[in-house]
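Colleague: I should be grateful for a close look at a single part of this model, with its surroundings described in a connected way.

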Amino acid sequence: MTPSSPENKKTDSSIYIEEKKENETSSPHEKTTSKKDPKKSESITGWIVLACCVLVLCLCGYFYLQSPNRAGNEIKSRSITLTDVGFDTPVTFKTTGTEKDFNKYVDIIESTYQECNELFDAFHTYPDKVSLKEVNDTPRHTPVEVDPKVIEVLQDSLKAHGVNSKFDVSQGKLTMLWKQAFGAQTPALPDAQAIEAAKNPDSMDAVVVKDNTITLTNEAAALDFGAIAKGYTTQLAADRLTEAGLEYGFLNAGGNVILIGEKPEDEDWVVGIQNPDEPNSLLVYRNRKPTCLVTSGDYQRYMEVDGIRYAHIVDPDTGYPAANMRSVTVIHEDSAYCDAMSTALFCTSVEEGQKICEEFDLDAIWIVDKGTVDLVPDLSTDAFDIYITDGLKDQVKLKNQVEPKQAS
């Protein structure tokens, strides 16, 4: 039975009252001289009972629909992992709320990632968007009008390049060369001459931004946002979720984590940082405040040639994958900046990276193979040495030093 709306219940009540008045109306003479008809009395009683039953059912249905504990309106922890929204990475979202709100937030996440995946795509063109491929394919010295989001990512990239020149989105031909090597059926290093030819000697000077246009000024320059796109998109999704009413939750896009809002009842956010050699966490980071974490490591995308592991992160100076460490995690209030700087620091020695972090007020965690860095580590295991900037030392511990319930 479909419960009646409040308007229908009001109508039912009017009918009920009207029926009662019609059945009971009689002249004073009839009341004093007529004898009551038992059948008529039974009929009235039956109608009254039936009307009461209908009213009770309607009220029960209405209050059931309004109940916060009804499926769909129940406030509980909910999570989902999306695997088809782009960037070749799963996106996990978790929060507490109703099913209706959760579905609304999931729609926002899906549309944001799909939109940005097309805009930042260096491999494909789209009929309704100008992607990076179209920018790269345009003849040099020709301005290309792009979506404002592309300009925003480029401005973020210029900022990160100014902090550490190891971050360079203009080296798209170099990164493309290595992506082809990683995607080959038989892993093999690119030819040394091809690597040198793919380098863009003018770096970010070969990229001119004016209003909403981008101009590439030499043939060696090509844009690749692979080291910042996920961070920017995850931040954009988080901002849109907040605007839509999300009070707290988290997003994780392949190591790009955003903690949104503060958890209720003064609970801490607890985030695991992966062991480079195993799928479980090596470190645990705790914080009550919302923030962003991005990890760049050599353990998810790599290839082995002649027993040597080559990570997917390419040092623009050498033209080869960086091999300074196993992973770097950067923690900052902006996910795009985290993404860019974790890539840059992965290509930088720990010593130089610490100097950069101190100068630019940045927090980071380095995991290196044991004994490979001539510095006293902040934490150690049998396999790794860990270095932590001063601002994080009270918030980061080895997972085996944390109570199980705290590390969940």
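**Helix 11 and its surroundings**

Modeller: In helix 11, which spans residues 350-359, the buried residues are Val 350, Gly 353, Ile 356 and Cys 357. Viewed down the axis of helix 11, these buried residues fall within an arc of 120°, so they line one face of the helix. The model under discussion is a predicted one. On the face of helix 11 turned away from the buried side, the exposed residues are Lys 355, Glu 358 and Glu 359.

The cover over the buried residues of helix 11 includes two helices, helix 6 (148-163) and helix 10 (335-346). Strand 14 (363-369) and strand 16 (384-388) are also among the elements that cover these buried residues. Just after helix 11, Asp 361 adopts a positive phi of about 55°.

A charge placed over a ring may be added to this description. Lys 159 lies over the face of Tyr 337, and its distance from the ring centre is 4.7 Å. A further arrangement of this kind involves Arg 309, whose charged end sits over the ring of Tyr 302, 4.1 Å from the centre of that ring.

Aromatic pairs deserve a separate remark. Across the whole structure, a search finds seven of them. In one, formed by Phe 93 and Tyr 105, the ring centres are 6.4 Å apart and the planes stand at 85°; an angle over 60 degrees counts as edge-to-face, so this pair is edge-to-face. Phe 93 belongs to strand 2 (residues 91-97) and Tyr 105 to helix 4 (residues 99-119), so the pair ties together parts that are 12 residues apart in sequence. Phe 93 and Tyr 105 are both buried. Ring pairs also bring in Phe 102, linking Phe 93, Phe 102 and Tyr 105 into a cluster.

Finally, a contact between parts distant in sequence can be described for Ala 253, a residue of strand 6 (residues 249-253). Ala 253 has 0% relative accessibility and therefore counts as buried, the limit being under 20%. Its C-alpha lies 6.5 Å from that of Thr 89, although Ala 253 and Thr 89 are 164 residues apart in sequence. Leaving aside residues up to four places away in sequence, Ala 253 touches Thr 89, Pro 90 and Val 91, together with Tyr 113, Lys 230 and Thr 234.

Terms used: Residues numbered from 1 in each chain as written. Predicted model: local features only at pLDDT ≥ 70, side-chain atom pairs only at ≥ 80, totals over all residues. Heavy atoms only, no water. Buried < 20%, exposed > 50% of the residue type's maximum accessible area, 1.4 Å probe, protein only. Helix = DSSP H or I, 4+ residues; strand = E, 2+ residues; numbered from the N terminus. Arc of directions from axis to C-beta. Contact = heavy atoms within 4.5 Å. Phe/Tyr/Trp six-rings, centres within 6.5 Å; stacked < 30°, edge-to-face > 60°. Lys NZ or Arg CZ within 6 Å of the ring centre and 35° of its normal.
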